[in-house]
Amino acid sequence: MKKKLTKLQYDVTQNCGTEPPFDNKYWNNKEEGIYVDIISGDVLFCSTHKYDSGSGWPSFFQCLPNVFETKIDYYMGYPRTEYHCKKCGGHHGHIFEDGPKPTGKRYCNNGICLVFKQQP
């Protein structure tokens, strides 16, 4: 797997790293399509659930069912809900409770963990 991923992709997905904000190709993407996991290829998000959170990372208020597992991490000194791909275990980001309706969730995703596929 290490040969398949860039150094940053490996660090983010395997070591729970974080890419710099506003420095990924999907934070401002407004095209219609789907977002898939860079490792497993599983579909994770639809563009209809993406919104501009102002954070500099792709943000979604909803994911597809049963694609992620979560755990609580204390890396920043307080509890945060980390989520990772259920199939491959790759880290994607954290879920916050400051998103828009209807869910109120913000899946703050590292763009480097995603591949965007435009809808025809």
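## A walk through the predicted model

The largest nonpolar core has 13 residues, and Tyr35, Phe45, Phe68, Tyr107 and Leu114 are those with the most contacts inside it. Two elements give two or more residues to this core: strand E2, residues 43–46, and strand E9, residues 114–118. Please keep in mind that this is a predicted model.

Leu114 is a good place to start looking around. Not counting residues up to four places away in sequence, Leu114 touches Tyr26, Tyr35, Val36, Ile38, Leu44, Phe45, Pro58, Phe60, His92 and Asn109. Two of these partners, Tyr35 and Phe45, are also listed among the core residues with the most contacts.

From Tyr35 you can step across to Asn29. Asn29 sits in the loop between H1 and strand E1, which covers residues 33–37. Is Asn29 buried or exposed? Its relative accessible area is 11%, and because buried means under 20%, Asn29 counts as buried. The side chain of Asn29 makes a polar contact with the side chain of Tyr35 at 3.0 Å. That same side chain of Asn29 also reaches the backbone nitrogen of Glu31, at 3.1 Å. Leaving aside neighbours within four places in sequence, Asn29 is in contact with Tyr35, Lys50 and Phe116.

Let us turn to the helix. Thr13 lies in helix H1, residues 7–15. With a relative accessible area of 4%, Thr13 is buried. The side chain of Thr13 reaches the backbone oxygen of Gln9 at 2.8 Å. Which residues does Thr13 touch, not counting those up to four places away in sequence? They are Leu5, Ile38, Ile39, Gly89, Gly90, His91 and Cys113. Ile38 is a partner of Leu114 too, and here Ile38 appears as a contact of Thr13. The fold also brings Thr13 and Asn110 to a C-alpha separation of 9.0 Å, although they are 97 residues apart along the chain.

His91, one of the residues touched by Thr13, leads us to the largest pocket. This pocket has a volume of about 300 Å³. Of the 19 residues that line the pocket, Gly17, Thr18, Arg80, His91 and His94 are the closest to its centre. Where does the lining come from? Strand E5 (68–73), strand E6 (80–85), strand E7 (91–96) and strand E8 (106–109) each supply at least two residues. The largest share, 5 residues, comes from E7. By class, the lining of the largest pocket has 6 nonpolar, 8 polar and 5 charged residues.

The model also holds an enclosed space. The count comes to 1 cavity of 30 Å³ or more, and the largest cavity has a volume of about 30 Å³. Trp27, Tyr51, Asp52, Ser53, Gly54, Ser55, Gly56, Trp57 and Ser59 line this cavity. Its lining divides into 3 nonpolar, 5 polar and 1 charged.

For a contrast with the buried residues, look at Gln119, in the segment after E9. Gln119 counts as partly exposed, at 45% relative accessibility. Beyond neighbours up to four places away in sequence, Gln119 touches Glu32, Gly33 and Ile34. From His91, which is 28 residues away along the chain, Gln119 has a C-alpha separation of 25 Å.

Finally, a few backbone details deserve a look. Most residues other than glycine have a negative phi, and most peptide bonds are trans. Where do the exceptions in this model lie? Cys16, in the loop between H1 and E1, has a positive phi near 55° and is not a glycine. Its relative accessible area is 42%, so Cys16 is partly exposed. Asn66 also has a positive phi, about 60°, although it is not a glycine. Asn66 is found in the loop between strand E4 (59–60) and E5, and this residue is exposed, with a relative accessible area of 65%. As for peptide bonds, a cis bond joins Lys101 and Pro102, with omega about 15°. Pro102 is found in the loop between E7 and E8.

How values were computed:
Residues are numbered from 1 along each chain as its sequence is written. This is a predicted model: local features need pLDDT of at least 70, side-chain atom pairs count only at pLDDT 80 or more; totals for chains, interfaces and linings use all residues. Side-chain values use heavy atoms; hydrogens and water are left out. On a 1 Å grid over the protein atoms alone, a cavity is a set of points where a 1.4 Å probe fits but cannot get out, and a pocket is an open set with protein on both sides within 12 Å along at least five of seven lines; lining residues have an atom within 4 Å of a point. Grid points are joined across faces, edges and corners, and a volume is the space filled by probe spheres set on the points. Ala, Val, Leu, Ile, Met, Phe, Trp, Tyr, Cys and Pro count as nonpolar, Asp, Glu, Lys and Arg as charged, and the others, Gly among them, as polar. Helices (H or I, at least four residues) and strands (E, at least two) are DSSP runs, numbered from the N terminus. Buried means under 20% relative accessible area, exposed over 50%, partly exposed in between (1.4 Å probe, protein chains only). Contact means heavy atoms within 4.5 Å. A polar contact is a pair of N or O atoms within 3.5 Å; within protein, one must be able to donate a hydrogen and the other to accept it, and residues adjacent in sequence count only if both atoms are side-chain atoms. A nonpolar core is a set of buried Ala, Val, Leu, Ile, Met, Phe, Trp, Tyr and Cys residues joined through side-chain atoms within 4.5 Å.
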